[in-house]
Amino acid sequence: QQASDQGTKRGLRIIVAGGDGFCGWPTALHLSKQGHEVTIIDSLVRRDIDDELGSNSVTPILPLEQRVAAWKEVSGSSIDVRIGDLGDYDFLSAVVTEVQPEAFVHFAEQRSAPYSMIDREHAIYTQRTNVEGTLNVLWSIRDFAPECHLVKLGTMGEYGQPNIDIEEGFIEIEHRGRKDRLPFPKQPGSFYHLSKVHDSDNIMFACKIWNIAATDLNQGIVYGLHTNETRMDPRLVNRFDYDAVYGTALNRFLIQAAVGHPLTVYGEGSQTRAYLNIEDTVRCIELACTNPAAPGEFRVFNQFTESFSVEELAVKVVSAAAQLGIDARIDHLENPRVEKYHHYFNAVNTRLIDLGLEPHLLTESVLVEILESARAHTDRVKNELILPGVTWRK
Ligand code: NAD
Ligand code: USQ
């Protein structure tokens, strides 16, 4: 039943897989604040990958158990934690059987494109973790919580950059006199982005054969750090990646400006991508959970609010840095990736707005706030992690 429909406002039982990560942690807090009963599943593998890469979050994040204890102290609400891997089906099915979730929010994947391109082993690790993890989630819903709505994080990069408008998941096509509504063509740009395409196909098929309800959220690049809930106590701070493997474009540029490193625009900088603030990520997930897909429906939302070229982002960061008296400079590095320049990019994003999303747009004051937070921890930045080392080419 939908919490938003009920006078009593009973929260939903929601599993947040990947709840120790950049998107998952603030989402778990937001859902808990809204009165939902949250259970985090996480294997903590991202903390191990930090060790593998010698990297770190700029913000000092506490161990998960301590973060959750701090949340209980600050908010009075409990978040349940289960440490385990989605690849371990006995573990996953036991949690799903016990919790009986009404929504399963699935963030728990290897999400770095460069990490998936390091070598054969990292490509295989990424696709195995992501595809097998999602298959296990689908089977656990089928067998132990068939009414549960799957809310799965996909990515705008599944579509690539076609020379036509990007629809929300499906496109009406007329071909040789006949019409159909078909999945939008996919042209992803890394083995990671490909894993999301494979997930989408598997989920769509499971919805059809098992009557599962699913929402695939094709999310753009998330920027920012704080949400209303993480601001409530320094112990609740979110992670903030800046290294060349896990750091994403805008957040990286902000840290680079903060430490006086030239901003690393790859190639010409005309590559255009879709973006959203972490404050909107958490709201989009709640909107998806409280307005579920119908049984058997595979629903796709494009989860982003604005689009920019990387050059435009760099110019915005230079301007915001100037507000703080920082003289930031842009460097155009040889692009380690294989990607299009000067391409068409126009994607539809109306379905979450129709459900009530009020976007936080990328203003200079938003950039200045994130830059100020980043500046507080520049002593933790390891400069050697900033320049890209992973290449897409042979
Ligand atoms: P993250 O790496 O910060 O967090 C992922 C979390 O999942 C980590 O805590 C990790 O330990 C956990 N995890 C990974 N594999 C697991 C497994 N097999 N079992 C249990 N736990 C596991 O990533 P994020 O930035 O929070 O991204 C979350 C999701 O959102 C990913 O699916 C990603 O593809 C998607 N997404 C992220 C962005 C972005 O800009 N960050 C944009 C679009 C989509
Ligand atoms: N880029 C630069 N300089 C940098 C870093 C990146 O110019 O220092 C460029 C890249 O070449 C690319 C664009 O910025 O053209 C975006 O790169 P990114 O690293 O910010 O984002 P990406 O690799 O696409 O992956 C991130 C998340 C991933 C999510 C995806 C959403 O890591 O989990 O799925 O954003 S999307 O791009 O919409 O597919």
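**Ligand 2: shell**

I began with the shell around ligand 2 and found that helix 7, helix 8 (249-259) and strand 10 (263-266) each supply at least two of its residues. I took helices (H or I, at least four residues) and strands (E, at least two) as DSSP runs, numbered from the N terminus. The model is predicted: local features need pLDDT of at least 70 and side-chain atom pairs pLDDT 80 or more, while totals for chains, interfaces and linings use all residues. Residues are numbered from 1 along each chain as its sequence is written, chains are lettered from A and ligands numbered from 1 in the order in which they are written, and side-chain values use heavy atoms, with hydrogens and water left out.

I listed 22 residues surrounding ligand 2, with T155, Y192, A249, T264 and E339 the closest; a residue is near a molecule if one of its heavy atoms lies within 4 Å of it. By class I got nine nonpolar, eight polar and five charged residues. Ala, Val, Leu, Ile, Met, Phe, Trp, Tyr, Cys and Pro count as nonpolar, Asp, Glu, Lys and Arg as charged, and the others, Gly among them, as polar.

**Ligand 2: polar contacts**

I then looked up polar contacts, meaning pairs of N or O atoms within 3.5 Å. A nitrogen atom of ligand 2 is 2.6 Å from a polar backbone atom of T264. Two side chains face oxygen atoms of ligand 2: R252 has a polar atom at 2.9 Å, and H193 has an N or O atom at 3.1 Å. I noted that ligand 2 taken alone exposes 730 Å², of which the protein buries 95%. Accessible areas come from the Shrake-Rupley method with a 1.4 Å probe.

**Ligand 1**

I found 27 residues around ligand 1, and C23, D42, R111, Y192 and K196 come nearest. I recorded the classes of this shell as 11 nonpolar, eight polar and eight charged. For the backbone, an N or O atom of C23 lies 2.7 Å from an oxygen atom of ligand 1, and one of V45 lies 3.2 Å from an oxygen atom of ligand 1. From the side chain of D85, an N or O atom is 3.0 Å from a nitrogen atom of ligand 1. Taken alone, ligand 1 exposes 830 Å², and the protein buries 97% of that. The elements giving two or more residues to this shell are helix 2 (45-53), strand 5 (149-155), helix 7 (191-210) and strand 9 (221-223).

**Helix pairs**

I fitted axes as lines to C-alpha atoms, over the stretch in contact, with angles from 0 to 180 degrees between N-to-C directions. Angles under 35 degrees count as roughly parallel, over 145 as roughly antiparallel, 65 to 115 as roughly perpendicular and the rest as oblique.

The axes of helix 4 (residues 89-99) and helix 6 (residues 120-144) come within 10 Å and cross at roughly 40°. I therefore entered helix 4 and helix 6 as oblique to each other.

For helix 1 (residues 24-33) and helix 3 (residues 64-75), the axes come within 12 Å and cross at roughly 25°, so I entered helix 1 as roughly parallel to helix 3.

The axes of helix 10 (residues 310-323) and helix 12 (residues 364-375) come within 9 Å and cross at roughly 70°. I therefore entered helix 10 as roughly perpendicular to helix 12.

Methods. A polar contact is a pair of N or O atoms within 3.5 Å; within protein, one must be able to donate a hydrogen and the other to accept it, and residues adjacent in sequence count only if both atoms are side-chain atoms.
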